[in-house]
Amino acid sequence: ALLSAVGLLAGQMILYCVGIFIKKIHKGSIGNIAGKHHIFMKYHFLVYMMIPFIGILGDAGMLYSGHQRISPLKIIPFLFIADLASTARWILPTIAELEIGESLQ
């Protein structure tokens, strides 16, 4: 589960970097990190705990985070915890099914 969560986090951070690159193309410079009143900074714990669970909207959220230069140091812990939960959501039932199947044989 830990390796899968690290992989998910790496993919999300790639999307974040793509968002920064899009801002550089769009605005001509990367600019400053978003202020503390930005909605993604104000509610970062909620926003980034939902990202792994909402599919394509989560990917768009990571692109937007990069474009708006949300501080990655504030989002990585929440993303990692949510990625662990997302991974556990499908790994634990799979392991339980395998153990039940082995005990029936």
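Biologist: In this predicted model, which residue follows H4, and what is the sign of its phi?

Modeller: Helix H4 spans residues 56-67, and the loop after it leads to helix H5 (72-104). The residue that follows H4 has phi near 60 degrees, a positive value, and that residue is Arg69. Arg69 is a residue other than glycine, and the sign of its phi is positive.

Biologist: Is Arg69 buried or exposed?

Modeller: Arg69 sits in the loop between H4 and H5. Its relative accessibility is 17%. Buried means under 20%, so Arg69 counts as buried.

Biologist: What span does H4 reach from its first C-alpha to its last?

Modeller: H4 has 12 residues, for which 16 Å is expected at 1.5 Å a residue. The span in the model is close to that expectation, at 17 Å.

Biologist: How are H1 and H4 oriented to each other, and what is the handedness of their crossing?

Modeller: The two helices pack with their axes 6 Å apart, at an angle of about 50 degrees. That angle is neither under 35 degrees nor within 65 to 115, which makes H1 oblique to H4. The handedness of the crossing is right-handed.

Biologist: Which residues of H4 make the contact with H1?

Modeller: On the H1 side, the contact involves Gln12, Met13, Leu15, Tyr16, Val18, Gly19, Ile20, Ile22, Lys23 and His26. Of these residues, Gln12, Met13, Tyr16, Gly19, Ile20 and Lys23 are also buried. The H4 side of the contact is made by Asp59, Met62, Leu63, Ser65, Gly66 and His67.

Biologist: Which residues does Gly66 contact beyond its neighbours within four places in sequence?

Modeller: Gly66 is part of helix H4. It has 0% relative accessibility and therefore counts as buried. Leaving aside neighbours within four places in sequence, the contacts of Gly66 are Tyr16, Gly19 and Ile20.

Biologist: What is the reach of H1, and which residue follows this helix?

Modeller: H1 has 26 residues, and the expected span is 38 Å at 1.5 Å a residue. The modelled reach is close to this, at 37 Å from first C-alpha to last. The residue after H1 has a positive phi, near 95 degrees, and is Gly28.

Biologist: Which residues touch the most other members of the largest nonpolar core, and which helix gives the most to this core?

Modeller: The core holds 14 residues, and those touching the most other members are Tyr48, Met62, Ile70, Ile75 and Leu79. At least two residues each come from helix H1 (2-27), helix H2 (39-42), helix H3 (44-50) and H5. The helix that gives the most, with 4 residues, is H1.

Biologist: Which residues does Met62 touch, not counting residues up to four places away in sequence?

Modeller: Met62 is one of the buried residues of H4, and it takes part in the contact with H1. Not counting residues up to four places away in sequence, Met62 touches Gln12, Met13, Leu15, Tyr16, Tyr48, Ile51, Ile75 and Leu79.

Biologist: Where is Ile76, and with which residues is it in contact outside its neighbours within four places in sequence?

Modeller: Ile76 is located in helix H5. With 31% relative accessibility, it counts as partly exposed. Between Ile76 and Tyr48 there are 8.5 Å in space, C-alpha to C-alpha, although they are 28 residues apart in sequence. Leaving aside neighbours within four places in sequence, Ile76 is in contact with Leu9 and Met13.

Technical notes. Residues numbered from 1 in each chain as written. Predicted model: local features only at pLDDT ≥ 70, side-chain atom pairs only at ≥ 80, totals over all residues. Heavy atoms only, no water. Buried < 20%, exposed > 50% of the residue type's maximum accessible area, 1.4 Å probe, protein only. Core = buried A, V, L, I, M, F, W, Y, C linked by side-chain atoms within 4.5 Å. Contact = heavy atoms within 4.5 Å. Expected span 1.5 Å × (residues − 1). Axes fitted to C-alpha atoms, helices over the stretch in contact; angles between N-to-C directions. Parallel < 35°, antiparallel > 145°, perpendicular 65-115°, else oblique. Left-handed = near helix turned anticlockwise from the far one by under 90°.
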